[in-house]
Structures are given as C-alpha cells and as structure tokens.
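Work through the exercises below with the coordinates open. Try each task before reading its solution.

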There are 2 protein chains.
Amino acid sequence: MSSPERAFVTAHLEDLHADLDAWLRIPSISADPAHAPSVAASAEWLADALRRTGFPTVEIWPTPGAPAVFAEWRSADPDAPVALVYGHHDVQPVDPVELWEHPPFEPAVIDGPDGPELHARGAIDDKGNVAMHLLGMRAHLAATGRDTPAVTVKLLIEGEEESGSPHFADLLRARADRLACDVVVVSDTGMAGPDVPSAVVAMRGLADAEITLRGPAVDLHSGSFGGGVPNPLHAMATLLAALHDEQGRVTLPGFYDRVRPLSDRERALMARVPFDEAAWLAGPAASRAATGEAGFSTLERIGARPTAEVNGVWGGYTGPGHKTIIPAEAHAKVTFRLVADQRPADLAEQVRAWVAAHTPEGIEAHVHVPAGGVSPCASDLDSPAMAALLAAIGQAFDTDPADVLFTREGGSGPEADLVDVLGAPLVFLGAGLPTDRIHSPNERVLLPMLYRGAEAAAHLWRELAAVPFPAR
Amino acid sequence: MSSPERAFVTAHLEDLHADLDAWLRIPSISADPAHAPSVAASAEWLADALRRTGFPTVEIWPTPGAPAVFAEWRSADPDAPVALVYGHHDVQPVDPVELWEHPPFEPAVIDGPDGPELHARGAIDDKGNVAMHLLGMRAHLAATGRDTPAVTVKLLIEGEEESGSPHFADLLRARADRLACDVVVVSDTGMAGPDVPSAVVAMRGLADAEITLRGPAVDLHSGSFGGGVPNPLHAMATLLAALHDEQGRVTLPGFYDRVRPLSDRERALMARVPFDEAAWLAGPAASRAATGEAGFSTLERIGARPTAEVNGVWGGYTGPGHKTIIPAEAHAKVTFRLVADQRPADLAEQVRAWVAAHTPEGIEAHVHVPAGGVSPCASDLDSPAMAALLAAIGQAFDTDPADVLFTREGGSGPEADLVDVLGAPLVFLGAGLPTDRIHSPNERVLLPMLYRGAEAAAHLWRELAAVPFPAR
C-alpha cells in the first residue's frame, strides 16, 4: 500500500537516524541532579530540531524542575482540529551500567532478527517516539503538498516523566490556554509486536498507601513478653495476607464498585493480541509462575484489571544474627493500580476501612494515603478520532484498520492529567515493543518500527483533519 | 526468725554496699569492644574481692572474648557436696544515657517505697546478685563457726553473658573437671516481689530461623507485571500470618510433640504468684493489650509455654515516597522460645516443613536455622536440693518453705549449657525484682532484697550439706 507519505519517509530514513543519533548522545537523566545541564541541553536540542523542521512557534517552558519543550504549527485552515502530541525528552538512569553491551549514550546500530536496532538509553523511551514526529511532519507536508499541516499540531515534550512528572499538572494548568486541543496524541508507548500493529486504549491509574502498625511503646524482650502481648509484625502479616481473597481479588471495601466491567467485545479484542505467556515469564524480568485474579487472563490481569501490590515491608531487627524482640512498629507500602472508572481519591477511605477491619486489639494503626494519585484513562474505541488513528496505523503497516489490535498499558503516567486539565480525549501512537528493554540495560528501538511510526504520524494528521470534533 | 547468719549480715550491710559501690563504678559493657579493658578490670576486681573474702583458689580464665572468674573454697569434709555458683560480671550498654536520672556508673542510693535502692548499671544484673555471695559466704562461716564452708563452693562468673555467652559452652567443656559439681546455684534472676519470696524453676530455650522468599529474578515494575506474577511480600505475609492458628498456637508441625504438659500442681503453684497484669502491661515497656495462646494465663504464656515471635521483616522499597515494584525477595527473622522437653535441634526440620507447606507456586523458599540454639531447662520441684533452697529462702524471708513460690523465667541463657556439660541440676537464687529495670535506664537493686539474698546464700550452704546427692 504505497503512499506519498511512505515514499517521503523511505527517502529520508537517514534524517531520522541522524537526528536520533545526535539527541541520544545527550544524557538527559532527570532523576540525577548532576545531569540537570544535560536535561536542559536535551530541551535545547529538541527546540532547534523543531525549528529546523519548520515549526513556527517553539518555546522552552521552564518548571521548578526540568524544562519542557512546546511547539505549535497552526493549520492555515482556521476550522482545522487541534492535536497535541505528548512525549518526554528525559531518560531513565543507566545503572547497572556494566550490563550494557554498548555505552548507553553512544548509539550503536545492531542487526537483529527483525531488522536493524538502535541501542541507547532513550532510544524508544521516549526520544525515538518523539523524533519520529519530526520526519512524520515533513512527510505529511510533502505528501499533501501543503505549507501548513492539515490540523494544527502542538507538541508538549516534558523533561521529568522519568521522575514522576512532579510539575506536569501545574504546568498544564498554567498553560492550559496555549495547550487547548481537540485530541491528545500520546507518543510514549508501543505496539504488541513488530508484525502486530496495535494501539493502546487504556492506562491504569495509581494510588499509594503507607501503613504503620504500633504495638508496645518500645521494642520488648521476647523472653519476658513473648507470647503475651500483640506483635505488630504478626498483625502486619495478617493484614497483608488479607489484602487479597482466595480468588485473588482485592479485599478493600468498595474497591470494585466503580470498576467498568470488561465487555465481551473488549475481552475478545484483548484475546486477539498475541501474547506468549511462557516467553513473558522467562523474559528480562524472569518470574517463576503466573498468578492473579481468578477468571481473567494474564493480559487482562496486568492491563485491564485493578490490582494491589505490597511494594515494601519493614519492621524490627533486620541485621546479622538474631535479636529477640517484639518490635514496637511494623510498616508497609502498598500501591494500587486503578482502572476506569475508579478514582484515586476514593482509596484513602477504602484503605482506612480495610486496615481498621483487620487491626487486632492492642495494635494502633496509622494510614497515610497521599492526596493526588493518578487517574486511570481509557480511549473510546468507537470515536472518530480512534477511527483516524486506526486508519493511519493501518496505512503505515499495510493492514486493514479493523485488524489493528487494541492493547492496554498496565502502568500509570501523566496522561490522565492531560485528560483532566485539557478535557481532550487521548489516542496513543507509539513505536515501542515489549522487548525494547525500556528502563533496563541495552534499551533499543527497532528502526523499521520507528520508520512506520513516522509514516503513521504523517497519515494521522491527514486523517484527523476530517474528524468532526465537538466544539471546544 | 533470727539466726546467726542474719545477725552477721545485719552487722555487715555496709561491707556489701561498699563492695558493690566500688564494682559498679567499672563500666564492664561486654557488647562494646571499647570497654574491653573495663571488663578485664571488672574481673580483676572480683578476683581480688574473692581472695579478700577468703577463697583459697581464685583464677581468671581467659576466653577468646572476655575473661571469666573462677573461685573455689573446698569444704574440710571430703564427702561434702559441691555447689557451683553461676553469674556474670559484664553489664548491658547504657543507651539511651540521657534517660538516666543518675550517671549509670556512679551508684546512687535513693529512698524508695520499699526501702533504699541502689541505682546503677549492673546493680542487680548481675553484680548485685554476685556480690551478695561475698557477704553470704562470710556469714555462713561466722554463723557456723567453721574455717571452711559446709559444702565445697565454686563460683564461675563469666564476662560475656550480655553478649550472648559466645564462648561459655566451650569454656565449660574445656574446664569441666575443675567445674565438676553436684548442684548449680544460678544467681542471675530474682523473685516475684519484695514481699514474695520465690524461686525460679525453669527457663525457656531458644531457636532462631531466617526465612527468605524469592520470586522474580529482579524487582519488577508493578505496572507491567502487577497482578500477574507472585509477589514475595504477599507470600511472606501469608506465611507469617499462618505462624499461629486462631487459638494462638504455633503451627509448626510437631512443635508441641515434646512439650511437657503443665501439671495441675504446677499451674496451681504459678497461680499463687502475685501478678498485676494491668501494671505489667502499663510498665516500662508499655503494651496495649494482653494476648496469646488460648487456655493459658499471661504468666503461663510468657514463662511456661513455647512461643514463636517474628523479630524482623524486610523486603522491597522502604525509602520515602513510593516505588512501584514487585520485589525480588522478602525476608523474615523468627525466634522460638522452647520449654522442657523441646529440643532446639528439632526446629530446623519443623520450620522447613512449615515453610514448605505455605510456599505458593512461583516462590522459592530458603530457610536458615543456625545449629545450636539454647535448650530449655527446668528444676525438679521435689528434689532434696530444691528443698534446701526453699528452706534457705524461707529462713531469710521469715517464710514457711512451703510458702516460697515458684516462678518461671521466660528468657533464655547459658544455664542450659551448665546442665548439658556438667550434668548437674540447677537451683536459682537471685535477689532481683520485676521492677528493677534491667537492661533499661535507671537499673536498680532494692538493698533489703540484696541483704536477704546474702542471708539466704549463707543458709543455703548449710542446708545443702545435708543433701544426699547421687554419686558423680
């Protein structure tokens, strides 16, 4: 299914490769304050590249943390829809650096089984996903013979995503007028496989709680008190053991009340996504067994169902040998992944009620649930914007749009803030693969995926121009 | 019930006070290597004091750690029984030192509701309990008009009890010939109250285990894997929650098989011990409720029944904020208090069987149970040696021997090694009180208890001379 967009992309693959090679050499690790100059340099590099691409408006927006890059290219058509691309230019730390086969900030091209791979920190997460829009925009203009894009395209590329986007919601609120849009195109995800064009249609939300159980006023001698007074570590074990029932369901009262049930159609669509469970278990983060909520597949459990995970527990003596104490306190950190239409703000009461129901006499419980959290988000599978996305992906991957699969992202990010503050729906266009080792040593991008992603972006601007978005 | 022993003790109270005052000024903290010279000085002081008292044989026995003091005063009667006094001359650390009302190594006499108290680290644990034997021996000789004691008296006063007596069993084995005896008099405990003469008749044993549960090969992202693979912290919580059943009984298979049941007589004797549970809960180590094994009193639970306590748990992320991981590992430390006739060596198999029964698919368990442990020990309530002890305590406290109560020590110490290596029965003569704040700031001894203890020791040597011990 040749197209002018593909012809342009194919003729300019080296431009995308060269852009990415230069950008990936900037170690923009936002979690490390020592790298703050590199994060700033990364923003400057991107701003220059956007200007070079032709964006008339390019600005670096400072935050109390790392700077974001904003760009805008208005369509000559005053009634054209407005699309906002979201991505980030910061990257994860590189530890353990000794496990990298090539230095993480010296991009290397490797011939892999599915084609050439570019290895570097940030290769796909998220510099690759952002850089494909540079070539994509040029392809869109060249293919359509336009001086301005068919839709007004804005980009907001933040610099703190890998640090939890601490200033992102404030930035959105402060710049809401400039960011106003009809649809957000999130480019920070990927597809189900190199031959499996797909679109993310949901992300899970997040809430976290810290629980402290207090027993005796001080650590007690277990010879003098052992067997006679409550032990906070016993109480914590009993509490956490009761976090799931025998069906693997979370036992917080009301936890499932607002969960939107998976429709038969959604489950059927998920079942079409190829997923090699054995390979997933044996993958980079090897686990020994699959488990989880009864009645759901692993893909549903990790993407479409809410979960509770204990992330840390501590209390008492943890040094060498033994110390015969009943500790005064026990502590646990728990996070919850939420799905539509759960609300992070509901968790505080649910956690408190659950803890209270499992706290024995003689133990005092303290629950801390920070305000905020991350809302879950989900795309409307039947919206015209989704149809435009599927058409664009279908053209880039030579696939019928009806055969583009839907996937769900189990993680949580600032995407929900975009929905909350800007009030626009999300679609996801990303060129990553589950095997790209994001956040791990030897992160890579499969270059053919990136080229198809650039082409899909070019198609998307054309397709979106015809979408009848409601008035803002 | 006046006696020549009491007359002598009463005439020489100041000697005991002066001895103790001098000895308590030596900060013999065995846990702190910087105090090793003080521990050595403490041994030297005691050796001098024993020589001054008249012991013909006084030796300092080095160990790979702190030195022990050995003394022997043979009876002129070649057929006289041999008694070995056990105690220790090292003391606990003094932290938090700011909570002391008087400097811990500057003994201060305070008028208390039950008489004069001497406040200092080691005042009762264990320098007071050892020093009372200096005056006790002089009183015995003076009261009976003898040049040598009625029984051969040996003392073994170790210097590492507060550090877990790491070299004590080896010392006993190496010096078993010199230490041969018919009965061991343990002077490192106390009585139920200032007006409640009593004798400890059992100590609990100890075994410890460290449990590691491993899940994924590395910490996993809970957004990508949460809800789909086993979480070692969930498995640890479930395991530890199953350590006790709903009756508060330990669930290790076979744990109770060798537990000697409490006889009706033993339970009746324990019930006679005055115990203010509310005061105990509100005491220095305040706890909010009593709990434990169903069907037993608090005194039975903490002294006469075996227990399991989780002393420490750790795993995953324990820093500020949250980190959304499924941790690779979870860890727990558990100790078990044992009663006659449980054997520490049986615990390894019991813990392994228990862990195996509660380890879910996908989790790998590793159990470490160190060899050794501490055996429980118990005195024969009806032995002639016990009758001699009760007679001695009865005389010192103006109480009918039948009214001297029996108590049980919930803790564990090297006393079991004395039984194991020397093959002699134990009796316990100590002048401490539950309110003496041992191991805590403002440790004290009630001086009238110490004077009565010295008198009881004097009576004991006379009473033991008549005991028909079996041939060694």
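**Exercise 1. A residue at the edge of a strand**

Task: Decide whether A:Glu364 is buried, partly exposed or exposed, and list what A:Glu364 touches beyond its sequence neighbours.

Solution. This is a predicted model.
- Step 1. Take the relative accessible area of A:Glu364, which is 38%. Buried requires under 20% and exposed requires over 50%. A:Glu364 is therefore partly exposed.
- Step 2. Place the residue. A:Glu364 belongs to strand 14 of chain A, residues 364-368.
- Step 3. Skip residues up to four places away in sequence; A:Glu364 then touches A:Thr212, A:Leu213, A:Arg214 and B:Arg288. One of these, B:Arg288, carries the letter of chain B.
- Step 4. Check a pair along the chain. A:Glu329 is 35 residues from A:Glu364 in sequence, and their C-alpha atoms are 9.4 Å apart.

**Exercise 2. The two chains**

Task: Find the operation that superposes chain A on chain B, then describe the contact between the chains.

Solution.
- Step 1. Two copies of a chain are related by a rotation about an axis and a shift along it.
- Step 2. Here the rotation is 180° and the shift along the axis is 0.0 Å, with an RMSD of 0.0 Å. This is the relation of a two-fold axis.
- Step 3. Count the residues in contact. Chain A gives 69 and chain B gives 69.
- Step 4. Compare the two surfaces. Of the interface residues of chain A, 100% are also interface residues in chain B, so the copies meet through the same surface.
- Step 5. Take the area. The chains bury about 5,300 Å² between them, and 55% of it is on carbon and sulfur atoms.
- Step 6. Find the leading contributors on chain A. A:Arg288, A:Glu309 and A:Asn311 supply 12% of the area that chain A buries against chain B, more than any other three residues.

**Exercise 3. A helix pair**

Task: Characterise the packing of helix 1 against helix 15 in chain B.

Solution.
- Step 1. Two packed helices are described by the angle between their axes and the distance between the axes.
- Step 2. The axes of helix 1 (residues 4-11) and helix 15 (residues 447-464) of chain B come within 9 Å and cross at roughly 145°. The crossing is right-handed.
- Step 3. List the residues of the contact. Helix 1 of chain B uses B:Glu5, B:Arg6 and B:Val9. Helix 15 of chain B uses B:Tyr451, B:Ala454, B:Glu455, B:Ala458, B:His459 and B:Arg462.
- Step 4. Sort the residues by type: 4 are nonpolar, 1 is polar and 4 are charged.

**Exercise 4. Backbone checks**

Task: Inspect the peptide bonds into A:Pro96 and A:Asp341, and the phi values of A:His439 and B:Ser165.

Solution.
- Step 1. From A:Asp95 to A:Pro96, omega is near -10°, and the bond is cis. A:Pro96 sits in the loop between strand 3 (82-88) and strand 4 (108-112) of chain A.
- Step 2. From A:Ala340 to A:Asp341, omega is near 5°, again cis. A:Asp341 sits in the loop between strand 13 (329-338) and helix 12 (347-357) of chain A.
- Step 3. A:His439 is not a glycine, yet has a positive phi of about 70°. Its loop joins strand 17 (426-428) and strand 18 (444-446) of chain A. A:His439 is partly exposed at 31% relative accessible area.
- Step 4. B:Ser165 has phi near 50°, also positive in a residue other than glycine. B:Ser165 lies between strand 6 (152-158) and helix 5 (168-174) of chain B, in a loop. With a relative accessible area of 9%, B:Ser165 is buried.

**Exercise 5. A glycine in a helix**

Task: Is B:Gly128 buried or exposed, and which residues are in contact with B:Gly128?

Solution.
- Step 1. B:Gly128 is part of helix 4 of chain B, residues 127-144.
- Step 2. Its relative accessibility is 0%, so B:Gly128 counts as buried.
- Step 3. Leave aside neighbours within four places in sequence. The contacts of B:Gly128 are B:Leu20, B:Gly122, B:Ala123 and B:Leu450.

Notes. Residues numbered from 1 in each chain as written. Chains lettered and ligands numbered in written order. Predicted model: local features only at pLDDT ≥ 70, side-chain atom pairs only at ≥ 80, totals over all residues. Heavy atoms only, no water. Axes fitted to C-alpha atoms, helices over the stretch in contact; angles between N-to-C directions. Helix = DSSP H or I, 4+ residues; strand = E, 2+ residues; numbered from the N terminus. Left-handed = near helix turned anticlockwise from the far one by under 90°. Contact = heavy atoms within 4.5 Å. Nonpolar A, V, L, I, M, F, W, Y, C, P; charged D, E, K, R; others polar. Buried < 20%, exposed > 50% of the residue type's maximum accessible area, 1.4 Å probe, protein only. Least-squares fit on C-alpha atoms with pLDDT ≥ 70 in both. Buried area = accessible area lost by both parts, 1.4 Å probe.
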